[in-house]
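Hi there,

Here is the structure I promised to pass on to you. Have a look at it first, and then read my notes below.

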Amino acid sequence: MKFGIFYEHSVQKPWTRQSELRAYHQALEQIELADELGFDQVWEVEHHFLEEYSHSSAPEVFLAAAAARTKRIRIGQGISVCLPPMNHPARIAERAAALDLISNGRLEFGTGRSATWAEVGGFGIDPDYTKEMWDEVIRAIPKMWTEEEFEWNGKYFKMPPRNILPKPIQDPHPPMWVAVSSPETAVQAAERGIGMLGVTLGTPADYKRLVSDYRRIIKHCDPVGLFVNNQVNAASWLYCGEDENEAREVGGMAAYHFFNTAAHLVGLGGICPSHAYTALANATALLSQAEIFSIREGFPVGTPDQIIENLRYWDEVGVERVCCMINFDQVIPQKKVLASLERFAKYVMPAFADDAKPSAPSDTSRCGPEAPPMA
């Protein structure tokens with residue numbers, strides 16, 4: 001298994017002029033260290049208007065800064081919102097290709113659509129059509145990256161012949177992913193031959209059925225890109241503590257604040273009932289601290305030995321990569337965040353080093369070539 005970190009850029013009230021500045025620059029310092037320690041990837045979300053929960057509306061800018069400060073870590077755009085009224089598809093392709101160039105071919109390209117009414121309603125988008133919009137856009141972008149003259153006459157956007165520039169440096173193009181938080185989307189990811197990017201901080205048990213369905217269906221996929229990206233990336237929370245009590249008190253408190261804030265985000269299904277959004281309640285369920293730290297839950301929070309045991313459960317369900325949040329706003333002091341990353345790299349990563357192997361099963365010949373292995 002390989003490991004990464006991801007960011008929402010949460011900024012709690014009361015705000016000062018320094019609040020967002022501090023959140024962004026502390027994150028860049030963490031990413032520089034993660035690169036030195038051998039973490040595999042860093043992902044950054046795209047959200048709009050979500051006060052306190054996420055102040056990350058321009059992930060390409062932040063990730064370009066991260067790419068310029070690092071050498072090896074994969075740069076995950078996780079995700080680009082693929083809705084034409086919010087982001088024109090040509091602009092999505094251009095920004096992603098530029099990021100691939102800046103990072104010297106380290107881009108992982110995540111796709112998706114917003115799940116909250118604050119975002120979709122803020123851009124005047126009809127929720128009923130977001131899934132169709134996403135599907136159209138992800139079929140167009142690989143063509144923009146690989147064709148010298150691109151033309152499109154679709155339902156949700158149209159373009160006369162143009163050469164979309166720049167082109168990405170990865171050949172034939174960066175690996176594609178979709179944000180997965182439901183069984184339906186796991187199936188759709190597999191059908192399209194793109195990676196399953198878990199965005200719900202769930203448990204191995206939550207992922208088991210999703211991964212099983214994904215692996216079964218992707219064997220017979222019709223890929224939207226020029227290769228199949230058969231990989232599963234799960235999301236969790238990481239704090240590698242000095243001892244069990246310190247891990248719970250420090251890492252646990254940050255996780256609790258995150259879940260508490262997330263619980264107040266109202267999903268589209270609760271505001272505007274739509275066949276495209278089946279959630280009827282909050283976008284993210286509030287978990288109690290007892291649930292967060294149940295050993296069987298698989299959260300990598302605790303001592304190195306406890307974390308190793310928890311991560312084995314992810315391995316059991318077929319997850320090759322676990323990408324973790326490491327702070328909520330500045331609830332955890334920066335020195336402790338950096339120390340947690342160092343302990344994890346020193347004591348936990350070696351336990352999984354022998355497990356590192358190409359992620360995708362070999363039986364995808366009917367779908368086209370496999371994804372190039374991640375560095």
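**What I found**

Let's begin at a small detail: right after helix 6, Gly 193 has a positive phi of about 70°. Please keep in mind that this is a predicted model.

Helix 6 itself covers residues 183–192, and its buried residues are Thr 185, Ala 186, Gln 188, Ala 189, Ala 190 and Arg 192. What covers them? Among the elements that do so are helix 5 (130–146), strand 7 (176–180), strand 8 (195–198) and helix 7 (204–218).

Now zoom out to the whole sheet. Eight strands form a closed barrel in the order 1-2-3-4-7-8-9-12, and the pairing is parallel. On average, neighbouring strands of this sheet are turned by 25° against each other, if direction is ignored.

You can follow the start of the barrel strand by strand:

- Strand 1 (residues 2–7) pairs with strand 2 in the parallel sense, over four bridges. Here Tyr 7 has Glu 44 in strand 2 as its bridge partner. Between these two strands the chain passes through helix 1 (residues 19–37), giving a right-handed β-α-β crossover.
- Strand 2 also pairs with strand 3 (residues 74–81), again parallel and over four bridges. Gln 41 has Arg 74 in strand 3 as its bridge partner. With helix 2 (residues 59–68), strands 2 and 3 make up a right-handed β-α-β unit.

Strand 2 (residues 41–44) is a nice one to click through. Gln 41 and Trp 43 point one way, Val 42 and Glu 44 point the other way, and all of them are buried. In a regular strand, side chains alternate between the two faces of the sheet.

Further along, strand 4 (residues 107–112) and strand 7 run parallel and are joined by three bridges. Thr 111 stands opposite Val 178 in strand 7. Helix 5 lies across both of these strands, at about 155° to strand 4.

Finally, how confident is the predictor? The average pLDDT of the protein chain is 88, and 87% of the residues score at least 70. Two stretches deserve some care. Over residues 280–286 pLDDT stays under 50, and the model has 17 contacts for them beyond four places in sequence. For residues 356–368 pLDDT is also below 50, with 27 contacts in the model beyond near neighbours in sequence. Where pLDDT is low, the predicted coordinates should not be read in detail.

Enjoy exploring, and write back with any questions!

Best wishes

How values were computed
Residues numbered from 1 in each chain as written. Predicted model: local features only at pLDDT ≥ 70, side-chain atom pairs only at ≥ 80, totals over all residues. Heavy atoms only, no water. Buried < 20%, exposed > 50% of the residue type's maximum accessible area, 1.4 Å probe, protein only. Contact = heavy atoms within 4.5 Å. pLDDT = per-residue confidence, 0-100. Pairing = 2+ DSSP bridges. Right-handed = clockwise from strand over helix to strand, strands pointing away. Axes fitted to C-alpha atoms, helices over the stretch in contact; angles between N-to-C directions.
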